[in-house]
Amino acid sequence: MPDIESLLKEKRIFKPNSDFARQANWNKKTVREYRALGAKNPQRFWAKMARENVSWFTPFKKVLDWKPPFAKWFIGGKLNVSYNCLDRHLEGENAWRRNKAAIIWEGEPGDTRTLTFGDLHREVCKFANVLKARGVKKGDRVALYMPMIPELAIAVLACTRIGAPHSVVFGGFSAEALRDRIDDAGAKLVVTADGGYRRGSPHALKPAVDEALEGTDIVGSVVVVERTGQATKMKAGRDFWWHDLMDEASAVCAPAKLDAEHPLFILYTSGTTGKPKGILHTTGGYLTHVTTTSKAIFDLKDEDTYWCTADIGWITGHSYVIYGPLACGATTLMYEGVPTYPAPDRLWDIIERHRVTIFYTAPTAIRTFIRLGDEHPKKHDMSSLRLLGTVGEPINPEAWMWYHRVIGGKRCPIVDTWWQTETGGILITPLPAAVDTVPGSATLPFPGIDAEVYTEEGDPTTPPAGGYLVIRKPWPGMLRGIWGDSARFKETYWSQYDNTYFAGDGAHRDKRGYFWIMGRIDDVMNISGHRIGTMEVESALVSHADVAEAAVVGRPDEITGTAIVAFVTPKSGVEAGGDLNAALRMHVTKQIGAIAKPAEIRFTDALPKTRSGKIMRRLLRDIAGGKEAMGDTSTLEDYSVLARLRESDE
Ligand code: WTA
């Protein structure tokens with residue numbers, strides 16, 4: 001990350017384009033009105049959004065019940081998320097949407113499928129009946145470990161139809177990681193596929209499920225989608241092919257009428273300890289938040305072809321590939337594979353062929369494409385695009401400018417959206433018709449969101465100033481807890497400041513009051529927009545028989561934002577070197593997944609520690625950051641010297 005001084009010197013300002021502003025769902029006047037209402041009475045603002053953007057079977061009686069840190073939104077209201085994403089687009093004045101594309105899907109090999117709202121409704125009802133027939137009841141958890149294929153969206157929506165909270169586990173996670181998540185959530189059923197396509201070849205998923213389920217008996221059934229056709233072992237009585245079960249299922253399934261606070265899903269994310277936390281989201285508040293923000297920030301219209309490149313295994317895929325856009329009745333595009341296969345212009349080719357109008361991606365992807373060269377996007381007609389977005393990590397102003405110029409043709413507004421797995425939906429963002437943008441800044445809180453920058457002591461700062469990003473009032477999409485661990489929920493988010501949500505990010509506000517998110521201030525790294533805890537990687541490393549001790553830090557990386565550097569002390573008698581290096585990288589991949597594999601492993605006979613035994617991460621971060629100067633990674637280095645030097649300073 002460039003330092004804050006240079007960021008704040010950013011002078012380029014982009015006013016909303018008047019053609020865009022004229023047609024926007026939320027124009028300047030609407031935004032002014034909503035900001036005023038959201039500031040004066042956030043509950044009234046959110047109640048209005050809940051009534052306008054969400055369909056309720058029974059209206060709510062009370063907007064908010066706030067017993068910090070526990071919030072309940074829209075009390076007494078009953079609704080169903082799949083009804084909001086599907087059925088309501090098949091009825092009354094929206095009935096014409098039955099034959100409109102809900103999902104346009106493209107597989108990596110180039111195969112495509114389009115599911116209309118009518119198709120998706122039928123498939124979801126059928127799969128909901130499959131779940132019921134397999135014994136899944138309201139409240140039971142279902143784990144989904146799948147490639148980016150339409151069946152993943154179908155399965156997610158089928159869970160919501162019957163009120164079974166889903167836990168989607170990213171297909172890149174290992175069997176070990178999958179097992180932890182299945183156990184923690186107590187999942188009763190797993191949906192997977194034989195495999196998916198990655199970089200031109202089939203990548204198996206089912207064997208990881210088999211491995212994860214060894215020795216546990218909580219999972220009664222595994223449903224397997226046939227995607228690649230690769231040889232797949234099926235366990236009789238436990239494993240079933242998706243197509244066999246679907247063939248027999250009825251397409252009639254009434255949506256369950258669920259309480260606004262009924263659990264909708266659990267999504268595991270990294271924190272500062274080795275154990276991932278199951279972030280819990282519920283029904284009415286979450287849906288209100290993602291639907292309202294999709295409509296306002298992405299300006300979703302019936303004519304749009306909207307594409308968010310996130311994997312459904314992450315929160316962005318939940319909120320802004322599936323729930324937000326479908327609840328708005330929009331067409332959402334899903335792509336299965338890697339962005340550079342078979343050629344570096346794959347994404348731009350998809351945009352041209354499908355006439356994509358709104359494109360939402362991560363800064364790390366943008367930086368990768370900058371490096372690959374302008375000739376790839378320039379080969380394609382991307383004049384269909386009208387709005388661009390970014391999410392997941394800070395975007396450096398030069399990447400923003402490239403996105404604006406080369407992808408957006410200088411005509412598309414860019415929304416740099418700040419939010420988290422915990423926040424459910426976007427909290428800080430430009431509104432494309434109403435907010436001037438400055439490259440690198442996420443600009444202002446969404447109406448109804450009370451974001452602030454605090455000092456360490458908990459005093460609000462007066463801009464320009466930097467500090468800790470906090471949210472002072474509850475919002476509808478906020479997490480309701482950590483699955484099975486309310487002590488950790490309180491400790492992680494609510495113990496820094498009284499009744500105030502602590503996000504774990506550092507932020508700066510400029511003279512205009514604009515927010516500049518500086519990234520994590522705790523031991524969570526942001527690798528290509530994906531959260532990985534340093535402790536998670538450390539526990540994986542020390543679980544290897546040759547490792548005595550390990551410390552993991554992030555170092556800045558031009559493309560991925562942060563790269564993982566591990567400092568490892570081998571057990572005595574173990575030879576540090578290339579073989580161990582390779583073995584450890586493989587071990588971490590097996591324990592967590594390839595995304596957590598260290599970019600660099602440095603062996604040391606001692607780790608720098610304070611007198612009380614705490615590893616001095618700041619020191620390691622400095623060492624890791626000065627990579628070039630330190631030479632070969634496979635030799636044993638003596639950082640204890642540095643530690644001893646530091647110790648004498650304390
Ligand atoms: C970071 C992803 C700067 C931040 C939706 C946050 C960002 C973490 C932005 C959450 C942004 C997300 N600018 N940083 N626009 N968006 N982040 O839970 O550090 O995977 O705390 O949610 O990503 O990551 P998560």
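This is a short talk on a predicted model, covering one sheet, two hairpins, two helices, a pocket and some local backbone features.

I start with the sheet. Eight strands make up an open sheet with mixed pairing, in the order β12-β11-β8-β6-β7-β14-β15-β23. At the edges are β12, residues 239-241, and β23, residues 481-482, each of which pairs on one side only. Inside that order, β7, residues 166-168, and β14, residues 263-269, run parallel and are joined by two bridges. If you want a register point for that pair, take Ser167, which stands opposite Ile266 in β14.

Staying with the sheet, look at β15, residues 277-282, which contains His281. Is His281 buried or exposed? His281 counts as buried, because its relative accessibility is 0% and the cut-off for buried is under 20%. Which backbone oxygens does its side chain reach? One is the backbone oxygen of Thr421, which lies 2.8 Å from a polar atom of the His281 side chain. Another is the backbone oxygen of Gly477, at 3.2 Å from the side chain of His281.

A second buried polar side chain is worth a look. Thr604 sits in β30, residues 600-604. With a relative accessibility of 0%, Thr604 counts as buried. A polar atom of its side chain lies 2.5 Å from the backbone oxygen of Ala606.

Now the two helices. Helix α7 covers residues 150-162; at 1.5 Å a residue its 13 residues should span 18 Å, and the end C-alpha atoms are 19 Å apart, so the two values agree. In α7, 13 of 13 residues are buried. Just after α7 comes Gly163, with a positive phi of about 75°.

Helix α11 covers residues 284-297. Its 14 residues should span 20 Å at 1.5 Å a residue, and its end C-alpha atoms are 20 Å apart, which agrees. As for cover, 13 of the 14 residues of α11 are buried. What follows α11? Asp299 does, with a positive phi near 55°.

Next, the hairpins. Strands β1, residues 62-67, and β2, residues 70-75, run antiparallel and are joined by five bridges. Trp66 stands opposite Ala71 in β2. Between β1 and β2 there are two residues. The loop there contains Pro69, and the peptide bond from Pro68 to Pro69 is cis, with omega near 0°. Further along this hairpin, in β2, is Phe74. Its phi is near 60°, which is a positive value in a residue other than glycine. Phe74 is buried, since its relative accessible area is 0%.

For the other hairpin, β24 and strand β25, residues 515-520, run antiparallel and are joined by five bridges. Asp505 stands opposite Arg520 in β25. The hairpin of β24 and β25 has five residues between the strands, and Gly513 in the turn has a positive phi of about 95°.

β24 also takes us to the pocket. How much space lies in the second largest pocket? About 480 Å³ lies in it. The second largest pocket is lined by 24 residues, and those nearest its centre are Thr272, Thr492, Gln496, Phe502 and Asp522. Both α17, residues 486-494, and β24, residues 501-509, supply at least two residues each to this lining. By class, the lining divides into eight nonpolar, eight polar and eight charged residues.

Two backbone points remain. Tyr341 and Pro342 are joined by a cis peptide bond, with omega about -5°. Pro342 lies in the loop between β17, residues 331-335, and α13, residues 346-354.

The other point is Arg199, in the loop between β9, residues 195-198, and β10, residues 201-204. Phi of Arg199 is near 55°, again a positive value in a residue other than glycine. Is Arg199 buried or exposed? Arg199 counts as exposed, because its relative accessibility is 59% and the cut-off for exposed is over 50%. So Phe74 has its positive phi at a buried position, whereas Arg199 has its positive phi at an exposed one.

Methods. Residues are numbered from 1 along each chain as its sequence is written. This is a predicted model: local features need pLDDT of at least 70, side-chain atom pairs count only at pLDDT 80 or more; totals for chains, interfaces and linings use all residues. Side-chain values use heavy atoms; hydrogens and water are left out. On a 1 Å grid over the protein atoms alone, a cavity is a set of points where a 1.4 Å probe fits but cannot get out, and a pocket is an open set with protein on both sides within 12 Å along at least five of seven lines; lining residues have an atom within 4 Å of a point. Grid points are joined across faces, edges and corners, and a volume is the space filled by probe spheres set on the points. Helices (H or I, at least four residues) and strands (E, at least two) are DSSP runs, numbered from the N terminus. Ala, Val, Leu, Ile, Met, Phe, Trp, Tyr, Cys and Pro count as nonpolar, Asp, Glu, Lys and Arg as charged, and the others, Gly among them, as polar. Two strands pair if DSSP finds at least two bridges between them. Buried means under 20% relative accessible area, exposed over 50%, partly exposed in between (1.4 Å probe, protein chains only). A polar contact is a pair of N or O atoms within 3.5 Å; within protein, one must be able to donate a hydrogen and the other to accept it, and residues adjacent in sequence count only if both atoms are side-chain atoms. The expected span of a helix is 1.5 Å times one less than its number of residues.
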